[in-house]
Amino acid sequence: MGNEETAEGLLKGFAERYPESIFVAQAPELEANTLLGMKNAAGAERVLTAAAGTEAADRPGYQLAQAQAAFALGQEQQAESLFKRLLLAHPLASKRRLRGAKLTAMGAESSLTIAELRSLGDAYYNAGHYQEAGEQYRALANKSSLEAGNRAGFAVAAAACRPEAEAAVDRP
């Protein structure tokens with residue numbers, strides 16, 4: 001509701017006050033996001049560092065907050081690395097969250113290898129996210145640095161993601 005100071009007061013020390021809560025693993029990322037909203041990136045980084053090595057650090061939300069804190073602190077190379085790792089490790093969970101994040105603005109997508117880009121396309125396709133998969137495969141099909149045969153294979157994969165191709169598969 002726009003009252004970050006109150007939220008920060010509730011979240012600070014949450015795990016110590018409520019060690020049995022099911023929200024203990026979420027608390028560091030929530031507190032870090034609150035601090036980022038208050039323009040306190042250093043505080044967010046301290047909270048996340050304190051939670052490193054805990055169950056919280058395995059959560060995509062924690063990793064996203066970590067990348068955003070690094071970016072806010074001007075640590076662009078570290079932020080890019082964290083965003084990239086998050087995208088590759090959690091392509092479906094992070095896709096939604098990274099939409100508003102800085103990965104594209106930083107140009108980090110261009111640092112992904114062909115194999116990494118293909119793995120993202122495959123992950124989207126296997127999860128039924130055909131539009132995203134098609135976009136990924138089309139981008140690969142348009143890479144002039146790839147051999148013609150590879151580009152053609154990605155073009156076929158992109159075509160398989162079109163809604164009319166999907167409907168044709170469903171017909172008896």
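## Helices α5 and α6 and their surroundings

Helices α5 and α6 are roughly antiparallel to each other, and this relationship is a convenient place to enter the structure, which is a predicted model. The description of the pair as antiparallel follows from the angle between them, because their axes cross at roughly 160 degrees and any angle over 145 degrees counts as roughly antiparallel. The two axes come within 7 Å of each other, with α5 running from residue 60 to residue 72 and α6 covering residues 76–89. The crossing by which α5 passes α6 is left-handed.

The residues that make up this contact can be followed on both sides. From α5 come Pro60, Gln63, Leu64, Gln66, Ala67, Gln68, Ala70 and Phe71, and these meet Glu76, Gln78, Ala79, Leu82, Phe83 and Leu86 of α6. Sorted by character, the residues of the contact between α5 and α6 divide into 9 nonpolar, 4 polar and 1 charged.

Gln63 deserves a closer look, since this residue of α5 is buried, with a relative accessible area of 19% that falls under the 20% limit for that class. When neighbours within four places in sequence are left aside, the residues in contact with Gln63 are Ala57, Asp58, Leu86 and His90; of these, Leu86 also appears among the α6 residues that meet α5. Gly61, another residue found in helix α5, is likewise buried, at a relative accessible area of 6%. Its C-alpha atom lies 9.4 Å from that of Pro28, a residue 33 positions away in sequence, and this leads the eye from α5 to helix α3, where Pro28 is one of the buried residues.

Helix α3 spans residues 27–37, and it is largely enclosed by the rest of the structure, because 8 of its 11 residues are buried. The buried residues are Ala27, Pro28, Glu29, Glu31, Ala32, Thr34, Leu35 and Leu36, a list in which two glutamates appear. Beyond α3 the chain reaches Lys39, which sits in the loop between α3 and α4. Most residues other than glycine have a negative phi, whereas Lys39 has a positive phi of about 65 degrees although it is not a glycine. Unlike the buried residues of α3, Lys39 counts as exposed, at 77% relative accessibility.

On the far side of that loop lies α4, residues 41–51, and Glu45 is one of its residues. Glu45 is partly exposed, with a relative accessible area of 32%, and not counting residues up to four places away in sequence it touches Ala69, Leu73 and Gln75. The C-alpha atoms of Glu45 and Leu73 are separated by 8.9 Å, although the two residues are 28 positions apart along the chain.

Side chains of opposite charge can pair when their charged atoms come close. The count of salt bridges in this model comes to 3. Glu29 and Arg59 form one of them, with a distance of 2.7 Å from N to O, and this pair links distant parts of the chain, with Glu29 in α3 and Arg59 in the loop between α4 and α5, 30 residues apart. The partners differ in their surroundings, because Glu29 counts as buried at 6% relative accessibility, whereas Arg59 counts as partly exposed at 25%.

A salt bridge also joins the side chains of Lys84 and Glu116, at 3.7 Å from N to O. Lys84 lies in helix α6 and Glu116 in helix α9, residues 114–126, so the pair ties together parts that are 32 residues apart in sequence. Asp122 and Arg118 form a salt bridge whose closest N and O atoms are 3.5 Å apart, and this pair is separated by about one helical turn because the two residues stand 4 residues apart in helix α9. Asp122 counts as partly exposed at 27% relative accessibility, as does Arg118 at 44%.

From α9 one can pass to helix α10, residues 130–141, in which Gln136 is found. Gln136 counts as buried, at 14% relative accessibility. Leaving aside neighbours within four places in sequence, Gln136 is in contact with Leu117, Leu120, Gly121 and Tyr124, and these contacts bring the description back to the residues of α9, the helix that spans 114–126.

Technical notes
Residues numbered from 1 in each chain as written. Predicted model: local features only at pLDDT ≥ 70, side-chain atom pairs only at ≥ 80, totals over all residues. Heavy atoms only, no water. Buried < 20%, exposed > 50% of the residue type's maximum accessible area, 1.4 Å probe, protein only. Contact = heavy atoms within 4.5 Å. Axes fitted to C-alpha atoms, helices over the stretch in contact; angles between N-to-C directions. Parallel < 35°, antiparallel > 145°, perpendicular 65-115°, else oblique. Left-handed = near helix turned anticlockwise from the far one by under 90°. Nonpolar A, V, L, I, M, F, W, Y, C, P; charged D, E, K, R; others polar. Salt bridge = Lys/Arg side-chain N within 4 Å of Asp/Glu carboxyl O.
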